[in-house]
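Subject: Structure for you to look at

Hello,

Here is the structure I said I would pass on. Please open it first, then read the notes below it.

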Amino acid sequence: MASVLSENPVLGGRDGFTEDISEFEHVRRKHVGRYVSAALIVALVSWVVMAFAHGRIEWAVVGQYLAVRSIVVGLGNTVLMTALAMLLGVSIGVTVAVMRLSANPVINCAAAGYVWFFRGTPVLLQLLLWFNLALVFPSLGIPGLVEVPTVEVMTPFLASLLGLGINQGAYTSEVVRAGLLSVDQGQYEAAKAIGMPNLQALRRIILPQAMRVIVPPIGNELIGMVKLTSLASVIQFPEIVYSAENIYYANNRVIELLIVAGIWYVVVVTVLSTLQGRVERYFARGAGAFGATRRAGAST
């Protein structure tokens, strides 16, 4: 036992050490994998940059069409459609999420069926169905009183809004439902104990606490919606991809116009990502303060 203690630098000796470790040579760890991966990434990025630099791309044309009227109008339509579709999707999502948590089996099954159908079919298919709704319903309104031809009502704008917004509502409902379930059950019971109605409790107590969980995925869905609007070009909605297509059909500058559209998408996504970070910090203030209080209490 004595020999073990004398040889062990931690256990041996009266002071816990039997030899001076300050004389040991410090050998730095060699991060070979780090260097190799960094070199591969630099080589890959350099190859892509060189390919675009020496490819058959007229960068002057990219700059020329970056701010032409049709591209700017298409960008505005993209942003507008993103905002309206997300507004519709969030409104439907919150309603369906509350229905999913209802004790009424009819309401619960109806909400589950909505989510099942619209999450199970492609967005492009839904856009085409809405755009060709006149084949199923030739007219809309009250028969014998007010009837309007569906072809006149279901414009590319309205078909895009319904297709994107209603599809988004199915995904948003699951995000909101997860946020509502993340709130402690005691909050629901406390609201009932003071006689607060369910809707008032949801608006003033439950939803504010659930927003910390809801906001990050909703922000991600918003950024995804910006790019999802490009599918509306199939039904002739004049968003930015549709505008770029119309131009390169005329001048045959395909890659240049696609780069122009890509640049604007990156700009919009960058702005939205910055705003998303600020909104997340706003709704995480209470959690951060609570966490800081807990850490301070633990340290004392």
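The model is a predicted one. Its largest nonpolar core has 36 residues, and those touching the most other members are Y114, L164, L180, I206 and I214. Two or more residues of this core come from each of α4, α5 (105–120), α6 (123–131), α8 (156–182) and α10. The biggest share is that of α8, which gives nine residues.

To see one of these residues in place, select Y114. Leaving aside residues up to four places away in sequence, Y114 touches I92, V96, I166, G169 and A170.

There is also a second core, separate from that one, with 18 residues; V62, I71, I247 and V268 are among them.

V268 leads to helix α12, which covers residues 254–283. This helix has 30 residues and spans 43 Å from its first C-alpha to its last, close to the 44 Å expected. Its buried residues are E256, L257, I259, V260, A261, Y265, V268, V269, Q276 and G277. What do they pack against? The buried residues of α12 pack against α2 (32–54), α3 (59–65), α4 (69–100), α10 (198–228) and α11 (240–251).

Some totals for the chain follow. It contains 13 helices and two strands. Of its 300 residues, 29% count as buried. The chain exposes about 19300 Å², with 65% of that supplied by carbon and sulfur atoms. Among contacts between residues at least 6 apart in sequence, 72% join residues at least 24 apart.

Regards

Notes: Residues numbered from 1 in each chain as written. Predicted model: local features only at pLDDT ≥ 70, side-chain atom pairs only at ≥ 80, totals over all residues. Heavy atoms only, no water. Helix = DSSP H or I, 4+ residues; strand = E, 2+ residues; numbered from the N terminus. Expected span 1.5 Å × (residues − 1). Buried < 20%, exposed > 50% of the residue type's maximum accessible area, 1.4 Å probe, protein only. Contact = heavy atoms within 4.5 Å. Areas by Shrake-Rupley, 256 points an atom, 1.4 Å probe, with all protein chains shown as cover. Core = buried A, V, L, I, M, F, W, Y, C linked by side-chain atoms within 4.5 Å.
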